[in-house]
Amino acid sequence: MNTALPADSRFTTARRWSLYAGVYALGCAALTALLLSDVLGLFADVVGLPPAVGMPLLATPALVVGALVWWALVERPDAPTYLRGAAFGLLTALLTGALWTAWFVAVWGLEMLAAGPVRLLVGFVLGAVAVAGVLVGLPITYVRRRSRRASAAAATANSL
């Protein structure tokens, strides 16, 4: 008995889970931005984001970055392991932070990034979101692993 899904079905499921992961990363990034709003509010003001929507705008790159990183790390190798899930969270957080750091450099110049307090601020934020990223990568990996087992079990039961 072959319970493997057709290739196009696997692709559709992988794409759907990548989108789920992107939305999940956006939600986690928004929550993290809210928790770090005192520090990130200063950053949003410095790079010229409107105060009313600064925190949600800081989280938006996580939607695309999260979907792409999930696709590359978890779905493409077809192996949703907890290590890959933690790496998904870490890389999504760091790449999102790197995008905003690049925006800061584009607005203020590289020499401003080299200033002592700015380096400390960027390091603190990247460190905090890295830890949060590792932690938030694990629950979605758990859900993905459970959904794979359930779909494999359903296919086996239906094929009898």
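**A walk through an all-helix model**

The protein has 7 helices and 0 strands. Keep in mind as you turn it on screen that this is a predicted model. Read from the N terminus, the order of elements is simply α-α-α-α-α-α-α. The chain has 160 residues, and 34% of them count as buried. Looking at contacts between residues at least 6 apart in sequence, 77% join residues at least 24 apart. The accessible surface adds up to about 9,300 Å², and carbon and sulfur atoms account for 72% of that area.

Let us begin with helix H2, which covers residues 37-46. Which residues of H2 are buried? They are Leu40, Phe43 and Ala44. If you look down the axis of H2, these buried residues fall within an arc of 100°, so they line one face of the helix. The general geometry helps here: an α-helix has 3.6 residues a turn, so residues three or four places apart point the same way. On the face of H2 turned away from the buried side you will find the exposed residues Asp38 and Asp45. Just after H2 comes glycine 48, whose phi is positive, at about 90°.

Another residue of this part of the chain, valine 39, leads us to helix H7. That helix spans residues 116-159, and phenylalanine 124 is found in it. Which residues does phenylalanine 124 touch, once those up to four places away in sequence are left out? Its partners are Leu36 and Val39. Phenylalanine 124 and valine 39 are 85 residues apart along the chain, yet their C-alpha atoms are separated by 9.3 Å. Is phenylalanine 124 buried, partly exposed or exposed? With a relative accessible area of 47%, phenylalanine 124 is partly exposed; the exposed class begins over 50%.

Now move to the surface, where Val23, Leu63, Val64 and Leu68 form a nonpolar patch. Together these four residues have about 360 Å² of accessible area. Which helix gives the most to the nonpolar patch? Helix H4, made of residues 61-75, does so with 3 residues. Valine 64 is a good one to pick out on your screen, as it lies in helix H4. Its relative accessible area is 51%, and because exposed means over 50%, valine 64 counts as exposed.

To retrace the route: H2 has its buried residues along one face, phenylalanine 124 of H7 touches Leu36 and Val39, and H4 gives the most to the nonpolar patch.

How values were computed
Residues numbered from 1 in each chain as written. Predicted model: local features only at pLDDT ≥ 70, side-chain atom pairs only at ≥ 80, totals over all residues. Heavy atoms only, no water. Helix = DSSP H or I, 4+ residues; strand = E, 2+ residues; numbered from the N terminus. Buried < 20%, exposed > 50% of the residue type's maximum accessible area, 1.4 Å probe, protein only. Contact = heavy atoms within 4.5 Å. Areas by Shrake-Rupley, 256 points an atom, 1.4 Å probe, with all protein chains shown as cover. Arc of directions from axis to C-beta. Patch = residues over 30% accessible without salt bridge, like charges linked within 9 Å, V, L, I, M, F, W, Y side chains within 5 Å. Salt bridge = Lys/Arg side-chain N within 4 Å of Asp/Glu carboxyl O.
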